[in-house]
Every structure is written in C-alpha cells, then in structure tokens.
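Hi,

Here is the structure I said I would pass on. Have a look at it, and then read on for what turned up.

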Amino acid sequence: MSTMEVELIPGLPEDIAMVCLIRLPHNTHHVARRVSKRWRDLIDGGNLHRLRKQSGESYRVACMVQALTTLESAVADSTAEAWCGECKRQTAYGVSVFDPVTNDWELLDPIPGHPNGLPLFCQLAGTEGKLVVLGGWDPVSWDPLRDVWVYDFKRKSWRRCADMPSVRSFFAVGIMNDVLFVAGGHDMSKNALKTACVYDVERDVWMEAPEMGEERDECEGVVIGSEFWVVGGYNTDAQGRFCGSADVLDLGSGKWRTVEGAWFKGRSARGCVGVGKGGGLVSWADVDPAVRIGTCAVGVGDRTILSGCARPGARSGLFLVDAKGELEAVDVPVEFSGFVQSGCSVEL
C-alpha cells in the first residue's frame with residue numbers, strides 16, 4: 001500500500017491532519033466519509049465524534065416536529081391569522097433542524113413510507129449524531145404505530161429499527177448514554193398506562209422496565225442527572241384533568257418513586273418542562289407572555305430554543321433563551337414558520 005493511501009491527509013503529519021478533520025463542519029461529514037476508507041472508518045465508527053467532543057468542537061442542534069409550511073400558505077396566513085396549533089393548511093409534519101451556531105435551517109428527508117414527512121404525534125429523542133423517532137399515528141388512517149426510525153446525520157439517511165413492544169400514544173420519553181426510556185401514554189382503548197420500557201439504541205433492543213406508581217397519559221419525560229422524570233399527565237378516570245405529581249425512575253437502582261407537587265395541577269406538562277436554578281421543575285410557558293400558548297422548549301447546551309405564541313390565533317414565534325432567561329427572537333425562514341409540536345436536541 002502506498003504512502004498516499006495510508007496517510008490521513010497526504011503530506012500532513014497525523015496529528016495536524018486529525019485536527020483538520022475534527023474541525024470539519026458536521027454538515028459535511030456525509031460527504032467527507034466518501035474521501036477514503038480511513039475517513040469513513042473514523043466518521044462511521046464514532047471516533048471522530050468523540051474527538052470533536054473532547055476538543056469542544058461538537059455542539060447541539062435542535063430537531064423539531066414542525067408543521068410543513070409552503071410559501072403560498074404563509075402568504076395566506078399573513079392576511080388571516082393562523083391558529084397556533086394544527087392549521088388546516090398545515091396537516092403534514094416534518095423534522096426541522098435548527099443550528100443555533102450557524103443559524104442554518106434544514107428539513108430532513110421524509111421517513112420512508114411517509115411521503116408527507118412524519119407520523120402524527122410521534123416522539124423524538126436525540127443521541128450522539130442520531131435522531132430517534134418513535135410511534136405516532138398513521139397520517140391517513142390515524143392508527144397508532146409502533147414504528148421506530150433512526151436518522152443518522154453522518155449518512156443523512158433513515159434506518160428502520162425494532163418496533164416498540166406495544167402500542168402507546170402521548171407517552172413520555174427520555175434518553176441517557178444511548179439508552180432511551182419510554183413510559184406512560186395510553187393504549188388503543190384510550191386507557192392510561194403506567195408501564196415502561198427501555199431501548200438500547202446501539203444494540204437495537206427493547207427491554208421491559210418496572211411499572212410506574214401511577215397511570216400517566218399525556219405526560220412529559222425529562223432526564224435530570226441520573227433520574228428519568230415522568231411529569232404530570234392523568235389517569236384513565238381523570239381524562240384530561242392533569243395531576244401535579246411525577247414518577248421518578250432512579251437509573252441506578254431501577255426503582256420508581258412518586259413526587260407529589262412536582263408540577264402545576266391542572267396544567268399540561270407536554271413540551272414545556274424545565275429545571276429551575278434550585279433544581280425544581282418549572283414551566284417554560286411562564287418565561288414570557290410571547291410563548292405562553294403552544295409552548296415547546298428544546299435545550300441546546302447552555303441555551304434553550306423556545307417556540308410558542310402569545311394568544312390563540314397568533315402566529316407562533318421562535319426564540320433563543322440564554323442562561324439569564326433573556327429571550328432573543330430568531331429570524332425564521334418562511335418555510336420553517338409552522339407550529340412546533342415537539343422537539344429534542346442532537347449533539348453533532
């Protein structure tokens with residue numbers, strides 16, 4: 001094998017060549033992996049991502065389930081206000097990716113079998129370099145799905161993975177170290193669930209988990225330290241009367257405990273759970289009147305991307321919130337101005 005073939009970058013010392021690769025923008029990796037077998041092995045094997053992380057070059061982007069908006073619908077909505085929710089002209093959803101460093105926007109390719117974008121009400125979870133899409137409803141039949149899809153940003157492609165063990169809708173999800181946690185929601189008969197399961201993203205394997213102490217439909221999941229919190233929701237008999245408690249899974253012991261008064265009784269936790277400076281739960285809907293309706297928050301490092309609107313009927317806005325809680329409006333292209341249903345972050 002010639003020197004030209006074994007060198008990472010011909011003519012450069014190995015350490016300098018590696019620094020050059022580490023500094024490649026993440027959105028070029030799908031092309032860079034085609035340069036040589038060594039480059040492909042570094043990128044596909046995850047070594048380049050680990051080195052980017054160690055050197056401080058990696059950062060988080062926001063992935064959002066967003067109503068697809070055409071220029072025509074946006075012009076129409078400029079003369080007649082669109083409902084902050086599912087506008088009649090916005091029946092299809094896709095995954096929008098916002099890079100808070102470059103301010104670039106991207107719409108991911110539709111999931112195979114879903115030419116209009118995504119299953120309705122699917123859930124997102126992000127791990128290193130990958131986005132996991134779980135469940136949701138078939139956009140045509142409205143049948144609940146067990147599908148799991150993983151988008152690999154290095155390859156810019158979707159991969160079908162092992163189905164969820166059972167059908168559930170409006171469940172809580174959280175992820176830590178490539179292990180994804182699912183709990184609550186409701187079954188096909190609208191019975192609230194207290195069951196839970198765990199998904200190993202790398203191994204593509206589902207495992208059962210202990211049941212929560214309470215049934216929780218329309219709950220929200222958040223990982224805090226070494227705990228998975230399932231916040232709010234309601235049981236089968238309550239049907240829409242949101243509770244103020246949370247069930248908390250200790251990821252070390254695998255045991256649940258119930259925390260009363262963790263949330264705001266009578267208020268949905270979906271999309272708006274945050275952690276305050278004192279460690280208690282807060283609602284992002286209370287940060288500013290501009291986002292109090294249809295609130296969705298996505299943490300991206302020390303900042304948060306926040307969407308919502310001031311009143312029913314107003315257009316949804318997008319903001320960056322810094323560590324001090326100050327909002328900065330984001331200039332959003334027309335095609336990414338649709339309602340944000342849910343979201344997560346992915347480290348790239």
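To get you started: which residues does S345 touch, not counting residues up to four places away in sequence? The list is R60, V61, G126, V298, G299 and V300. S345 sits in strand β22, which runs over residues 340–347, and with a relative accessible area of 12% S345 is buried. Two of those neighbours are worth a click. The side chain of R60 makes a polar contact of 3.1 Å with the side chain of S345. With G299, the partner is the backbone oxygen, which lies 3.1 Å from a polar atom of the S345 side chain.

Before you go further, please keep in mind that this is a predicted model. The mean pLDDT of the protein is 89, and 92% of the residues reach 70 or more. The stretch to be careful with is residues 71–90, where pLDDT stays under 50. The model does give that stretch 36 contacts beyond four places in sequence, but where pLDDT is low, the predicted coordinates should not be read in detail.

Now to the F-box. The UniProt entry, which is unreviewed, carries the annotation "domain: F-box" for residues 12–52. In the model this span is 66% helix and 0% strand, and its end C-alpha atoms lie 19 Å apart.

Helix α4 (residues 37–44) is a good place to zoom in. W39, L42 and I43 are buried there. Looking down the axis of α4, you will see its buried residues fall within an arc of 95 degrees, so they line one face of the helix. What do they pack against? The partners are α2 (14–22), α3 (29–32) and α5 (47–54). Just after α4 comes G46, with a positive phi of about 90 degrees.

That brings me to backbone angles. Most residues other than glycine have a negative phi, so here are two residues to check. N103 has a phi near 65 degrees, and it is not a glycine. You will find N103 in the loop between β2 (93–99) and β3 (104–107). K156, also not a glycine, has a positive phi of about 55 degrees. K156 is in the loop between β6 (148–152) and β7 (157–160), and it is partly exposed, at 25% relative accessible area.

A little further along is D163, in the loop between β7 and β8 (172–176). D163 is partly exposed too, with a relative accessible area of 28%. Leaving aside neighbours within four places in sequence, D163 is in contact with R146, D147, V148 and W206. The C-alpha atoms of D163 and W149 are separated by 8.8 Å, with their positions 14 residues apart along the chain.

Last, the cysteines. How many disulfides does a search of the whole structure find? Zero. Take C122: the closest cysteine sulfur to its own is in C344, 10 Å away, which is too far for a bond. For C272, the closest cysteine sulfur is in C296, at 9.1 Å, and that is too far as well. Both of these cysteines are tucked out of reach of solvent by the numbers: C122 is buried at 2% relative accessible area, and C272 counts as buried at 6%.

Shout if you want to go through any of this together.

Cheers

Conventions: Residues are numbered from 1 along each chain as its sequence is written. This is a predicted model: local features need pLDDT of at least 70, side-chain atom pairs count only at pLDDT 80 or more; totals for chains, interfaces and linings use all residues. Side-chain values use heavy atoms; hydrogens and water are left out. pLDDT is the predictor's confidence in each residue, from 0 to 100. Contact means heavy atoms within 4.5 Å. Buried means under 20% relative accessible area, exposed over 50%, partly exposed in between (1.4 Å probe, protein chains only). Helices (H or I, at least four residues) and strands (E, at least two) are DSSP runs, numbered from the N terminus. The arc is that of the directions from the helix axis to the C-beta atoms. UniProt positions are given in the numbering used here, feature names are shortened, and annotations may be inferred rather than shown by experiment. A disulfide is a pair of cysteine sulfur atoms within 2.5 Å. A polar contact is a pair of N or O atoms within 3.5 Å; within protein, one must be able to donate a hydrogen and the other to accept it, and residues adjacent in sequence count only if both atoms are side-chain atoms.
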